[in-house]
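Trainee: Could you take me through one part of this fold at close range? I'd like to see how a single helix sits against its surroundings, with a bit of context first.

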Amino acid sequence: MADKLTLTTDGTGRGAFARTLLGRVVDALPDGVLVMDSEWRIVYANDMARRISRVEPEYIGKGTHWEHYPETVGTSIEAAYREAMATGVERVLEPYYFARFTIWYSIRLIPIEGYLILHYRDVTAEQEAGAERRELAEQLQQVLDATTDGVTSFDRDWRITYMNDRSKAILAPSGNVIGRNVWECFPAALYEGSPYVEHYCRAMDEGIAGSFEAYYPEPLNAWLHISVRPSRDGMIAFFRDVTAQKLKEDELRESEERYRILTELNPQSLWTADPEGRVLYANHRFLEYIGHDFVPRDGDEYLRCFDPADRERVVQAWLHSIATGEDYDIDARMLRASDGVSRWWHLRALPIRDENGTIVQWLGVASDVHENREAQERLQEQFLEIDRQRREVETIYLGSPIGMALYDAKDLRLLRINARQAEIFRLPAADAIGKTYHELAGGVPLALELIERAAAGEAVLNHQLEGTLDRRPDEYRYWNINYSPIFAEDGSVRAIASATYELTHQKRAEAALIQSEKLAAVGRLASSIAHEINNPLESVMNLIYIARQHAIAPEVQTFLDLADQELRRVSVIANQTLRFHKQASRPQAITCTELFSTVLSIYEGRLKNSNISIEKRKRSERPILCFEGEIRQVLNNLVSNAIDAMNKGGRLLLRSREATDWRSGVRGLVLTVADTGAGMDAETQAKIFEAFFTTKGLQGTGLGLWISAEIIERHHGRMRVRSSQGERHGTVFTLFLPFESVPVADPMVG
């Protein structure tokens, strides 16, 4: 055969054979032709083979097929090639996909005398088209099997040619009917006026589609909804079992009839509306109120049944429910048809939904709530009044100047407390809550005894206590207490209410009043004494004057001068005492020099004995209009406090200047009294103008600065203080007194 084919090569894969007439014919074939010898060398490839197998010129006669196409080694292709070469049997292979060139090949193997001829062609397009057809067929079959409808096709001889899975399931009681005549399989469909015959024949003979519902008896016993469509080969029927739906429709009709009867007999007012909100029905009870002439037509006639003042609100609420599917719930006034009276009704409606959640109807109920509404409004008014009273009582409770608290009767633990009671306990209210009475009032044993009596059910009223609390042992205080038991329904004591009034200030005021009366009596006595000694003093001073005129010895003259000086000082003190006691009835003009000199003359001895130096700085001689005695009293108090603060000596600074009050723009006199004493801390500074506050113990009344502040206020002035306990310690009091303002007299004088 090799001689016959002349399979020699010239390096191009064609050789002598290609130059023969047969070679030229083979070369022009539309299919590939490739020849391999027994050593698996490629000895010839026509044009198509070289194109679709990518046969390079150097492949011809050189190397093996397996070396040029290693992807085929170990595959079914290699096995088939070797089997054909070994057996000499011609065979056709299944289409083979060569991944290297992404080509499908259809190959015929022709073994001839030690050669293997491959006759093959590119079938890629055919394979891809076939694969696409198969995929589409599979998808169509999947769709038909997945559909909820049965699908059956018939040829023109009425034979059943195809059934999907659903069709087989529905018609299963009739057995396997593929290939059989439909009328023979389902004889019960043949009867006069049969919709099966009518629609099937119309589709088959006239090509007209149609649909119908019909019942098929044994063995199906089912209602079927059938749609028929003509086809090229006959007819296709789509059908579904609607037996359950039919039963539901029958049940629904029966239920609707029962519902209609019940709604008419129901004593409540019932109504219905369609999904768009049109009111379509009202039962007899409702019609009795809104009028029997109410006939739903357009669905919005119900609006005239409502009070005009409520119609817009009713419509907006109803439209909102229709749009969102939310429950409809509203109170509105409706007009009674018989007399036009407007009464309050409560209307509520719920949506009725199908299995898909779609609203198919609204079911509503209406109730006359006029009396309930009026009762509710009265209750609301009563509640608001009670709440107002509660808030008033709460305000009184919290802001009361009397301490109020509530204790648990079992363990006397504090449950509630107002601000004043917290001040009495010297604790923040939040810290006091939850503590026992013993923890709060420890140090006053009688108080615990009294509250225990209240816990036993006895009322303790207007009982006065005195003593010190454990947390403030240096603060002796007085209280008026009241404990009242609060009884439960069973008669047991549930809680104890307490009311405590602090008497400490009152007691101190009483003591201060007694002291004041004593001081006043002493003042009047001192005034009388000063008045009485004035005349003898003048006589003694005259006698000393005469004695000085006749004294010869210098020592005697010196002694008489000293006696005259001291007597004059006694006279000044007596006159100042008279001036302090005597209160002018109207303000007088006086300079700062006169005010300071009078005060200093009284404390001249204390200042010298206390080793206190005085520094004066006068920058104003303009007089002010004031009650001289009151301003002297203020300065006297400030100087006295300054001397007390400098028990180890120091400097007393007295200054005066003119200034303008930045708040009011008023011109006035500024008097400054400063000392270099120990100074005061911030807590003391915050309390020094409070009545009965003192840092001098039993020697002080706590009234001096309090009275001084009132005096300055009556003179339309201001008093300020600053103090330091640091390296530069001391206290500075500054008084501002207007020049022109007319002071107010003390109402207690005269």
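Mentor: Counting secondary structure along the protein chain gives 25 helices and 28 strands, and keep in mind that this is a predicted model. Of the 750 residues in the chain, 38% are buried. Take the contacts between residues at least 6 apart in sequence: 50% of them join residues at least 24 apart.

Now for the close look, at helix 13, which covers residues 308-324. Start with its length: at 1.5 Å a residue, 17 residues should span 24 Å, and the end C-alpha atoms sit 25 Å apart, so the two agree. At the start of the helix, a side-chain oxygen of aspartate 307 comes to within 2.9 Å of the backbone nitrogen of alanine 309. After the helix comes glycine 325, with a positive phi near 80°.

Next, look at which way the side chains face. The buried residues of helix 13 are Asp310, Val314, Val315, Trp318 and Ser321. They cover an arc of only 140° around the axis, so they lie on the same side of the helix. Glu312 and Ala323, on the other side of helix 13, are exposed. What do the buried residues of helix 13 pack against? Their partners are strand 12 (269-273), strand 14 (328-335), strand 15 (342-353) and strand 16 (359-368).

For another helix packed on strands, go back along the chain to an open sheet of five strands, ordered 8-7-11-10-9 with antiparallel pairing. Strand 8 (160-163) and strand 9 (210-216) are the edges; each has a single partner strand, so one side of each has no neighbour in the sheet. On average, neighbouring strands here are turned by 25° against each other, ignoring direction. Helix 10 (residues 195-206) packs on this sheet and touches strand 7, strand 9, strand 10 (222-230) and strand 11, with its direction at about 150° to that of strand 9.

If you want one pairing to trace by eye, try strand 7 (residues 150-155) with strand 11 (residues 234-241): they run antiparallel and six bridges join them. One place to pick up the register is serine 153, whose bridge partner in strand 11 is isoleucine 236.

So, back at helix 13, the picture to keep is this: the buried residues share one side because their arc is only 140°, and strands 12, 14, 15 and 16 are what they pack against.

Terms used
Residues are numbered from 1 along each chain as its sequence is written. This is a predicted model: local features need pLDDT of at least 70, side-chain atom pairs count only at pLDDT 80 or more; totals for chains, interfaces and linings use all residues. Side-chain values use heavy atoms; hydrogens and water are left out. Two strands pair if DSSP finds at least two bridges between them. Helices (H or I, at least four residues) and strands (E, at least two) are DSSP runs, numbered from the N terminus. Axes are lines fitted to C-alpha atoms, for helices over the stretch in contact, and angles run from 0 to 180 degrees between N-to-C directions. Contact means heavy atoms within 4.5 Å. The expected span of a helix is 1.5 Å times one less than its number of residues. Buried means under 20% relative accessible area, exposed over 50%, partly exposed in between (1.4 Å probe, protein chains only). The arc is that of the directions from the helix axis to the C-beta atoms. A polar contact is a pair of N or O atoms within 3.5 Å; within protein, one must be able to donate a hydrogen and the other to accept it, and residues adjacent in sequence count only if both atoms are side-chain atoms.
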